[in-house]
Amino acid sequence: MAKVETPRPHGVPCWFDLMSSGVERAASFYADLFGWTYDVSGPEIGHYHVAKVRGAAAAGLGQIPAGADMPSSWTVYLMADDVAAMADDVRARGGSVMQKPFEVPGMGHLAIVQDPAGAVFGLWQPLAHRGAEVAHEPGAMGWCEVNVPDAEAARDFYTGSMGAQARRLEEGVPTTYYVLSKDGEDVGGILQMTEEWAGVPPHWMPYFEVRDADEAASTTEAAGGTVSVPPFDTLYGRITVLNDPFGAVFSVNATGR
């Protein structure tokens, strides 16, 4: 298992979190797909499900509150030394704050923000919950990237906000792509949306690793989800884009690990 030292450095993606209109059904779907087991919290934090890969925290699933006008969706969280200060920095760089910083009792402080293009992501400052404990392992976080109409503008925003470096990827991608890194570790990407993306808003995309992308696509359909983009080969693995039964979009990547 690829254990992750927690908490991650400031600005590094540290957690993938699903808010679903049907969390129990979604939990069953992802258990079928990834083999997840769950630790389920009490009512004080809404019976939040922490997904486990062989006992290590891998991702989170929560129920959308009654009356909330929001779709089922995955959120990528960046680690923050100080959530309030990082949210202020996002705003100062042209982004916006959708959910002001608050404490999840005993677990950590979070905020939900948007970059200047409108892509939504989360900020997490840990208390007891220190983020994902496993990555680059089947069923665990593999990669994440923000898809935007102006990759250069996003590069400037995220290198500043995350304290990251960016290099342009020159091989194996059909569009402008920047890799974000911190302390020599590649931690995320920025993808330039082209005309093929017409009608799709800017967004962060989480990737989970799997052993077999084609099998993951078949399992998704059998478990009540849909395949948005059929499996295809890249220099970096075989990828497919999937929807769970409530429409939440995510990707999986079979890297051969």
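Which residues are buried in α3? I would like to start there, and I should say at once that what we are looking at is a predicted model. The buried residues in α3 are Ala151, Ala154, Phe157, Tyr158, Ser161 and Met162. Viewed down the axis of α3, these buried residues fall within an arc of 125°, so they line one face of the helix.

Let me stay with this helix for a moment. α3 covers residues 151-162, which makes 12 residues, and from its first C-alpha to its last it reaches 16 Å, close to the 16 Å expected at 1.5 Å a residue. At the N-terminal end, α3 is capped by Asp150, which has a side-chain oxygen 3.2 Å from the backbone nitrogen of Glu152. At the other side, the residue that follows α3 is Gly163, and its phi is positive, near 70°.

A little further along the chain is Ala166, which has its place in strand β10, residues 165-168. Its relative accessibility is 34%, and because of that value Ala166 counts as partly exposed. Ala166 and Ser181 are 15 residues apart along the chain, while their C-alpha atoms are separated by 6.3 Å.

Now to the pockets. The largest pocket has a volume of about 1,200 Å³. It is lined by 41 residues, and those closest to its centre are Asp17, Met19, Met70, Thr75 and Tyr77. Several strands each supply at least two residues of this lining, among them β1 (13-20), β5 (73-79) and β13 (203-209). If we sort the lining of the largest pocket by class, we find 26 nonpolar, 13 polar and two charged residues.

The second largest pocket holds about 1,000 Å³ of space. Its lining is made up of 34 residues, and nearest its centre lie Glu145, Tyr177, Leu191, Tyr207 and Ile239. Two or more lining residues come from each of a set of elements that includes β9 (141-148), β12 (185-192), β13 and β15 (237-243). By class, the lining of the second largest pocket divides into 16 nonpolar, 12 polar and six charged residues.

To close, I would ask you to keep β13 in view as you turn the model, since β13 gives residues to the lining of the largest pocket and also to that of the second largest pocket.

Note on methods
Residues numbered from 1 in each chain as written. Predicted model: local features only at pLDDT ≥ 70, side-chain atom pairs only at ≥ 80, totals over all residues. Heavy atoms only, no water. Helix = DSSP H or I, 4+ residues; strand = E, 2+ residues; numbered from the N terminus. Expected span 1.5 Å × (residues − 1). Buried < 20%, exposed > 50% of the residue type's maximum accessible area, 1.4 Å probe, protein only. Arc of directions from axis to C-beta. Polar contact = N/O pair within 3.5 Å; in protein donor to acceptor, adjacent residues only side chain to side chain. 1 Å grid on protein atoms, 1.4 Å probe; cavity = no way out; pocket = protein on both sides within 12 Å on 5 of 7 lines; lining within 4 Å. Points joined across faces, edges and corners; volume = space filled by probe spheres on them. Nonpolar A, V, L, I, M, F, W, Y, C, P; charged D, E, K, R; others polar.
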